[in-house]
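Please read the following report alongside the sequence and the model. It is meant for someone meeting this structure for the first time.

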Amino acid sequence: MKTFSVGDWTKSRLISVVVALIFCFLCQLAFGGDGLKIYLRLLFSLVGIYVTLAVSLNLINGITGQFSIGHAAFYQIGAYTAALLGSTYFSNMANHSSLLWLFMAMIFSAIVAGVAGFIVGLPSLRLRGDYLAVVTLGIGEIVNIIVKNQKSLGEAYGLSTAKYESTVFAVVLLAIICIAVSRNLLKTSHGLAFLAVREDEIASSAMGVNLTKVKVTAFVLGSAFAGAAGALYAHTKGFVGPADFSMDTSFLILTMVVLGGTGSITGTTCAAIVLFIIPEKMRDMHDLMLGVPIGVAIGIMVGVGMLKKIQDTFHGDGKVRFGMNIGSMVLGIIVAYGASKLLCTIHGLQTMVNGQLFRMPVLAITLVVVMLLRPQGIFGHNEFSWSWVQKLIGKKNVPEAEVAA
Amino acid sequence: MSILTLKDATIKFGGLTAVNSVSFELNKGDLFGLIGPNGAGKTTCFNIITGVYEPTSGEILFNGKRITGTPSNKIAQLGICRTFQNIRLFQSMTSLENVVVGGFLRHKTVLGSALCYLPGAIKETEKLKLQALELLKLVDLDDVANTRSRDLPYGKQRRLEIARALATQPQLLLLDEPAAGMNPNEKKELLDMVKKIRDELGVTVLLIEHDMKFVMNLCEKIFVLDHGEEIAQGPPSEIRSNPKVIAAYLGEAV
């Protein structure tokens, strides 16, 4: 085991912070522009916001194992806090120095959402599993309904507030902070106590872990990050309405966590990016011959069937197995392409349909396929690490302890 | 000096009296056995002591202080730790991490320092890992420190549970059927290990076990429960010849 040295620590911290800030700045430069880039900026900001939301929910669902499905409520509380404060009490400041106000809004919203998380969490975290899920689901709806019926909160019309270009910087920074905090937690003994609560409540309590404290802490932290993300959402769009925080949003965030692998920060981040971009990109699909989607469906079935067969029956060398998996995916793509071409020659299947119709079904099919092949999520409990990459490339001289760390 | 005292501890679940007015006393450094037929209330006794259940009446004293009704995690902090009859390890965590969680209850750094990855939290984590490695060596599991605990064979899982409990630095260790499912060789090793824990670490041990050879060889004092009530207590030689115990539990041949 490597021992700790202050010099190394300072150096690595400093480098990470500088790299993170430069990265945020580059993102702002690349996506922050005006004009034609408005759509791109919105898309990029939303991806960042959803990464934050998913990683913060992962803190509650994945790491601490408390099944919460009302995450949109805290996101909403944060968004409305920022919108309300920005358009009333702090409108001067909000109009003059956007970045300073953004950070203040983030902190305000995080505090308000965190307090809300504490109030909700303290009584409801005594429940377990399904019961907690139902309660959090209810809370999500309650918050949304209250907002819908409050005149001061704009009822169903929503609130408008200042809109900034500089949100990209803040969005990326928040996502990085959220990921860093989760990762730091897991690297220290405090995080192991959180994981222990997920694994076995009775045993962790017998080992002296304070269950209520751990659960409520996770809930408050997760809610606070969701609130901060909400503040950025409000200022990215310049508008907040109750429709953006419905149950669907909660489920989308939950899906990201489950798909990526509950507990895996890397998995959740990747899943959030993919799940947000696929449906967005599919908006570009317009006219399709009816044969194409049918052909693709056949291709998917063949590919998944092969994959499942390999997973169930082949137990040999990892590299061969990996190759076979890739092979079956390629086969699926070829079959999909061939079948589409073939089917489109049939007269009845040459009818034109709108490709956008398939936006949501494709998402659903993706989920079903992943859950069939990997019930534990794409990354399982695993995390990305450099030593893992080295191992994959084939450098054998990585010390065992480092891989474990 | 008495470390743990049960005074008329009773617990009722609805109409069922699981433990009825049980009283016994453990002195510092004892190897104390708790035996009895299945369903006699042995594990319930453990659950009362460790705060999983609160006794309906009676009281429990630890080092002269009343601990009845204290929550489990506080009891662990006071210095009582246990293992479980049906192994309850943190399954997807490695052996080392399991033991680190055991040592975590005496942490001094605050959560904020962990979230910001400050030197205090890192140093503490390293210290806990080193301490955990020592304990894994004690129970002869240091070779599987980085194996997921779910993947360990049964006997090793039992030993890992003991290491995890020891990491909380207990004064009193409760072992719930530690030898269950072990082969004779493993049982012998376990016997030596428990003795070592008592002699070297000075931990008082209270254990439940069905293997009479194991209990009689190990324990210096035995308490026999049947239907939630005391039927005998004393040194093994007395218990072995006690007619009530023979009738209720041991049978003629032992």
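The report below covers the model and its confidence, then chain B, then the two domains of chain A, and last the contact between the chains.

This is a predicted model, in which local features need pLDDT of at least 70 and side-chain atom pairs count only at pLDDT 80 or more, while totals for chains, interfaces and linings use all residues. Residues are numbered from 1 along each chain as its sequence is written, and chains are lettered from A and ligands numbered from 1 in the order in which they are written. The model scores ipTM 0.88 and pTM 0.84. For chain B the average pLDDT (the predictor's confidence in each residue, from 0 to 100) is 87, and 99% of the residues score at least 70.

Chain B holds 10 helices and 10 strands, where helices (H or I, at least four residues) and strands (E, at least two) are DSSP runs numbered from the N terminus. With a radius of gyration of 19 Å, close to the 18 Å that the globule rule gives for 254 residues, chain B is as compact as a globular protein of that length; the radius is taken over C-alpha atoms, and the rule is 2.2 Å times the number of residues to the power 0.38. The C-alpha trace of chain B spans about 60 × 40 × 35 Å along its principal axes. Of the 254 residues of chain B, 45% count as buried, a term that requires 20 or more other C-beta atoms within 10 Å of a residue's own, whereas 12 or fewer make it exposed and values in between partly exposed, with C-beta atoms placed from the backbone. B:Lys137, in helix H5 (residues 119–138) of chain B, is partly exposed because 13 other C-beta atoms lie within 10 Å.

Chain A is divided into domain 1 (6–283) and domain 2 (285–393), with bounds from an automatic or database domain assignment. Their centres, taken over C-alpha atoms, are 31 Å apart. The contact between them (C-beta atoms, placed from the backbone, within 7 Å) takes 17 residues from domain 1 and 16 residues from domain 2 of chain A.

By the criterion just given, 32 residues of chain A are in contact with 38 residues of chain B. On the side of chain A that touches chain B, H8(A) gives the most, with 8 residues. The elements that give two or more residues to that side are tabulated here.

| Element of chain A | Residues |
|---|---|
| helix H1 | 6–31 |
| helix H7 | 167–187 |
| helix H8 | 189–199 |
| helix H9 | 201–206 |
| helix H17 | 400–404 |

Key. Contact = placed C-beta atoms within 7 Å.
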